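Here are some notes to read alongside the coordinates, set out as numbered points. They begin with the chain as a whole and then turn to its empty spaces and to one residue.

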Amino acid sequence: MAFKIFYSLQLKTKALWQDNLDKLEKKILECEDDSIILASEVFLTGFAYQKMQEASEFSKIATRKLQDLSVTKTIAITMIEKEGKEYVNRFKVFHKGRIAYTQSKVKLFPLGNEHLHFKAGKIDEIKIFDLDGITCAALNCFEIRFIDLWKKIQGAKIIFVPAAWGKTRKVHFQTLTRALAIANQSFVIASSCAGDEYAKGSCIITPYGVVYKNDSREIIKAQINLTEVEKMRHSIDTGIPY
């Protein structure tokens, strides 16, 4: 199907995790069926460094809920999950009632002390995956600063960017996500937190660099035509397959 509706959620994480899950469910139910929805990085719990075990247990509850909600919609988000004796920041895609894809965060943000609390994922986890014949990929927040990772996912038609981006570096987020869409000739769906210390800037960007965003809204919506990817890659041939 050439036309698709994308949603980027721009929500503020609260201290009560169940409230966050309830809010996420409410917003997902407002989105149309057969749409693709992205929520921000660790929206449900925040980074919860003092409660990592509890956060990982809550992620199990959230996973079951999002599987149910994804029967008619595609939902993407990152969660804190336990792996062995350590914890990872894991991107998860829920599609047709199941977990369709997972990817652990590889590049941990040193200014946020992520490296002290999370185990880094393996670089091989960052790869192109398929959703009903649509090639997709994801870079988690800080990872969009690494150009070698842009190359790794070239060819994907849709790139997810969940983030918890600091307000003082908002221009970086806006510039990098737009450049990623243009350089990779892909659609980018970026979702960043709406908390006081965060940048917002959630958006949907076309391969032409057209940006749909509104920092005053909790839901950013765009109806897109996936054939724009092929048109862009055909008309301005940089060697990316189409």
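**Notes on the predicted model**

1. Residues that lie 24 or more positions apart account for 63% of the contacts in the protein chain, when contacts with a separation of 6 or more are considered. Please keep in mind throughout that this is a predicted model.

2. The protein chain contains 5 helices and 12 strands. Its radius of gyration is 16 Å, close to the 18 Å that the globule rule gives for 242 residues, so the chain is as compact as a globular protein of that length. Taken along the principal axes, the C-alpha atoms fill a box of roughly 50 × 35 × 35 Å.

3. On the matter of surface and interior, buried residues make up 54% of the 242 residues in the protein chain, where buried stands for a relative accessible area under 20%. The area that the protein chain exposes is about 10700 Å², and carbon and sulfur atoms supply 53% of this area.

4. The largest pocket holds about 280 Å³ of space. It is lined by 16 residues, of which Phe-109, Ala-164, Gly-166, Arg-169 and Tyr-198 are the closest to its centre. Sorted by class, the lining of this pocket divides into 8 nonpolar, 3 polar and 5 charged residues.

5. How many cavities of 30 Å³ or more does the model have? The count comes to 1 cavity of that volume or more, and the volume of the largest cavity is about 50 Å³. The residues that line the largest cavity are Lys-4, Ile-36, Thr-74, His-95, Leu-131, Asp-132 and Ile-134, and by class this lining has 3 nonpolar, 2 polar and 2 charged residues.

6. A single residue, Glu-230, may be worth inspecting in the viewer, and its place is in helix α5, which covers residues 227-235. Is Glu-230 buried or partly exposed? Its relative accessibility is 21%, and because buried means under 20% and exposed means over 50%, Glu-230 counts as partly exposed.

7. As for the surroundings of Glu-230, this residue touches Lys-157 and Tyr-242, if residues up to four places away in sequence are not counted. Glu-230 and Gln-154 are 76 residues apart in sequence, while the distance between them in space is 13 Å from C-alpha to C-alpha.

Terms used: Residues are numbered from 1 along each chain as its sequence is written. This is a predicted model: local features need pLDDT of at least 70, side-chain atom pairs count only at pLDDT 80 or more; totals for chains, interfaces and linings use all residues. Side-chain values use heavy atoms; hydrogens and water are left out. On a 1 Å grid over the protein atoms alone, a cavity is a set of points where a 1.4 Å probe fits but cannot get out, and a pocket is an open set with protein on both sides within 12 Å along at least five of seven lines; lining residues have an atom within 4 Å of a point. Grid points are joined across faces, edges and corners, and a volume is the space filled by probe spheres set on the points. Ala, Val, Leu, Ile, Met, Phe, Trp, Tyr, Cys and Pro count as nonpolar, Asp, Glu, Lys and Arg as charged, and the others, Gly among them, as polar. Helices (H or I, at least four residues) and strands (E, at least two) are DSSP runs, numbered from the N terminus. The radius of gyration is taken over C-alpha atoms; the globule rule is 2.2 Å times the number of residues to the power 0.38. Buried means under 20% relative accessible area, exposed over 50%, partly exposed in between (1.4 Å probe, protein chains only). Contact means heavy atoms within 4.5 Å. Accessible areas come from the Shrake-Rupley method with a 1.4 Å probe; for residues, only the protein chains shown count as cover.
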